[in-house]
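Subject: A structure for you to look at

Hello,

Here is the structure I promised to pass on to you. Please open it first, and then read my notes below with the model in view.

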Amino acid sequence: MLDIKFIRENSDAVKEALINRQAEADVDGLLELDLLRRAAITEAEELKTERNAASKKIGALMKEGNKAEAEAAKESVRTLGDRISVLDEQVREIDEKIRNIILYIPNLPSDTTPVGQTEEDNPILRSVGEKKTFDFEVKPHWDIAEELKLVDFERGAKITGSGFPVYMGQGAKLQRALISFMLDLHTSEHGYTEVEPPFVCNADSMTGTGQLPKFSEDMYHIADGELYLIPTAEVPLTNLYREEIIDVETPLKVAAYTPCFRREAGAAGRDNRGLLRLHQFDKVEMVNFVKPEESAEQHEILIGEAENVLQRLGLHYRVIELCTADLGFSAAKCYDIELWAPGVERWLEVSSVSNFGDYQARRARIRFRDENGKPQFVHTLNGSGVALPRLVVALLENNQNADGTVTLPEALRPYMSGLERLG
RNA sequence: GGAGAGGUGGCAGAGUGGUCGAAUGCGCCGGUCUUGAAAACCGGAGAGCCGCAAGGUUCCGGGGGUUCGAAUCCCUCCCUCUCCGCCA
């Protein structure tokens with residue numbers, strides 16, 4: 001959420017940012033409401049001042065037993081009260097309208113975010129490793145997974161629906177191994193506190209991180225109560241400290257494994273075969289809470305932590321930066337990490353590392369005390385560390401052998417009971 | 001799921017219609033004292049909103065109501081605790 005004061009004083013900058021994002025919002029309408037709101041508040045508060053003084057006087061009159069005068073005073077205060085009720089109601093209505101606009105306004109892109117029209121305009125920042133060459137015909141991961149009985153897509157579709165794969169045998173163990181490997185790396189080397197949060201969150205939490213109200217259609221909603229299946233651990237992790245004043249003298253870093261649930265309406269098709277796009281998938285997520293002046297630097301550290309996962313696994317990846325048109329709703333700046341998958345011959349996004357500035361903190365009221373003891377909004381950042389399915393795709397496709405087996409990276413073997421190859 | 005108790009400032013905990021944004025203790029910040037620290041003593045200190053400011057206003061779990069006036073009375077929702085039931 002943007003600061004209404006900021007919008008008031010920088011409406012041109014906000015409009016320009018919306019254009020760069022190819023987003024729309026009624027900024028002028030918002031400013032008009034803001035004006036009305038402040039006028040109503042000012043009038044209501046003046047009347048309240050009067051009423052408070054009058055009520056105090058009535059108290060004094062009652063005490064000295066001057067009933068007649070007290071009754072007369074009551075009568076006049078009552079009409080004041082009626083007017084105050086009307087104004088308070090007005091303010092409530094205007095607040096509601098303002099909220100309905102401002103909650104739909106995306107974050108301002110950072111000054112350093114490149115302006116662009118489409119994802120084609122996302123600059124590639126760096127590429128690490130190289131494309132492997134094969135002296136046999138490479139298979140796509142769905143063939144490998146089927147032959148080695150790692151994933152059962154059909155039974156997943158039967159028991160739940162398409163996009164809900166069942167991992168079995170070594171495939172299931174690989175999921176568990178990857179989760180443990182990544183969490184161990186982040187907790188023992190990157191300074192994270194491991195968290196196991198709920199996998200469903202309430203509407204306040206979803207609003208705090210920006211999923212609601214705009215993206216309700218992307219989530220699974222539990223009919224019984226206002227609960228949603230989490231689309232990412234970012235939601236419970238960030239909302240851990242919603243409505244709290246926390247200590248961020250050093251960055252507060254939490255990491256969690258959770259399944260993630262996404263409706264992905266209309267996403268089925270050729271481009272999304274196998275494990276490329278799912279309704280339920282596993283992910284390890286990292287969330288940081290930092291002082292505002294540290295968030296840019298922390299963003300670079302965070303992307304490094306995510307990259308470290310891929311380096312340890314020996315995978316070829318590249319880092320791109322999202323341009324204004326491709327930037328997520330709540331993010332001010334975002335890097336994506338993409339893995340090369342030779343079977344499907346595509347770059348696959350496995351991590352999105354974002355700096356949200358104070359956008360989420362303002363929505364979720366997450367603050368810290370500055371050097372003067374005054375509460376200020378923190379900056380939040382998060383990054384996938386990393387998402388499993390496409391990581392598995394890259395591992396299977398890059399490490400496949402002519403004999404149909406798949407070599408496991410050394411870093412994973414301790415988590416696979418010493419196994420060196422799948423199959 | 002049933003019955004009961006309760007939700008007040010960073011924490012503990014008073015307050016049952018007006019002088020209460022709220023006693024007291026702990027913790028915190030500043031000062032005195034001390035070589036330094038502790039102790040003791042003195043002083044300070046909640047958050048949001050409106051306002052250039054002075055200042056005003058709102059907030060005692062959330063929402064609604066009664067009243068001239070609500071932390072205090074009523075309704076409702078949420079949460080916590082205790083006991084019972086059930087259960088991995």
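Before the notes, one definition will help: a residue counts as buried under 20% relative accessible area, as exposed over 50%, and as partly exposed in between. Please also keep in mind that this is a predicted model.

Let me use that definition straight away. Lysine 74 has 30% relative accessibility, so this residue counts as partly exposed. Its salt-bridge partner is glutamate 71, and the closest N and O atoms of the two are 3.5 Å apart. At 42% relative accessibility, glutamate 71 also falls between the two cut-offs and therefore counts as partly exposed. Where do lysine 74 and glutamate 71 lie? Both are in helix H4, three residues apart, which is about one turn of the helix.

It may help to recall that side chains of opposite charge can pair when their charged atoms come close. How many salt bridges does the structure hold? The total is 24. Here are two more that you can find in the viewer.

The pair of aspartate 28 and lysine 15 has its closest N and O atoms 3.0 Å apart. This salt bridge links distant parts of the chain, with aspartate 28 in helix H3 (residues 27-63) and lysine 15 in helix H2 (residues 11-21), 13 residues apart. Aspartate 28 is partly exposed because its relative accessibility is 46%. For lysine 15 the relative accessible area is 28%, so lysine 15 is partly exposed too.

Glutamate 43 and arginine 83 form a salt bridge as well, and here the closest N and O atoms are 2.9 Å apart. Distant parts of the chain are linked again: glutamate 43 belongs to helix H3 and arginine 83 to helix H4 (residues 67-102), with their positions 40 residues apart in the chain. Why does glutamate 43 count as partly exposed? Because its relative accessible area is 30%. Arginine 83, with a value of 35%, is partly exposed for a reason of that kind.

Now step back to the whole of chain A. The chain is divided into domain 1 (4-102) and domain 2 (119-422). Four residues from domain 1 and seven residues from domain 2 take part in the contact. The C-alpha centres of the two domains lie 44 Å apart.

The size of an interface is often given as the accessible area lost when the parts come together. Between domain 1 and domain 2 the buried area is about 430 Å², and carbon and sulfur atoms give 35% of that. On the domain 1 side, the residues that touch domain 2 are two polar and two charged ones, with no nonpolar residue. What is the count of salt bridges between domain 1 and domain 2? The count is zero. There are, however, four residue pairs in polar contact across this interface.

One last place to visit is serine 216. This residue lies in the loop between helix H8 (203-209) and strand E6 (221-222). With 25% relative accessibility, serine 216 counts as partly exposed, because that value is not under 20% and not over 50%. If you select serine 216 and valine 91, you will find their C-alpha atoms separated by 27 Å, with the two residues 125 apart along the chain.

Enjoy exploring, and write back with any questions.

Best wishes

Terms used:
Residues are numbered from 1 along each chain as its sequence is written. Chains are lettered from A and ligands numbered from 1 in the order in which they are written. This is a predicted model: local features need pLDDT of at least 70, side-chain atom pairs count only at pLDDT 80 or more; totals for chains, interfaces and linings use all residues. Side-chain values use heavy atoms; hydrogens and water are left out. Domain bounds come from an automatic or database domain assignment. Contact means heavy atoms within 4.5 Å. Buried area is the accessible area (1.4 Å probe) that two parts lose on being put together, summed over both. A salt bridge is a side-chain nitrogen of Lys or Arg within 4 Å of a carboxyl oxygen of Asp or Glu. A polar contact is a pair of N or O atoms within 3.5 Å; within protein, one must be able to donate a hydrogen and the other to accept it, and residues adjacent in sequence count only if both atoms are side-chain atoms. Ala, Val, Leu, Ile, Met, Phe, Trp, Tyr, Cys and Pro count as nonpolar, Asp, Glu, Lys and Arg as charged, and the others, Gly among them, as polar. Helices (H or I, at least four residues) and strands (E, at least two) are DSSP runs, numbered from the N terminus. Buried means under 20% relative accessible area, exposed over 50%, partly exposed in between (1.4 Å probe, protein chains only).
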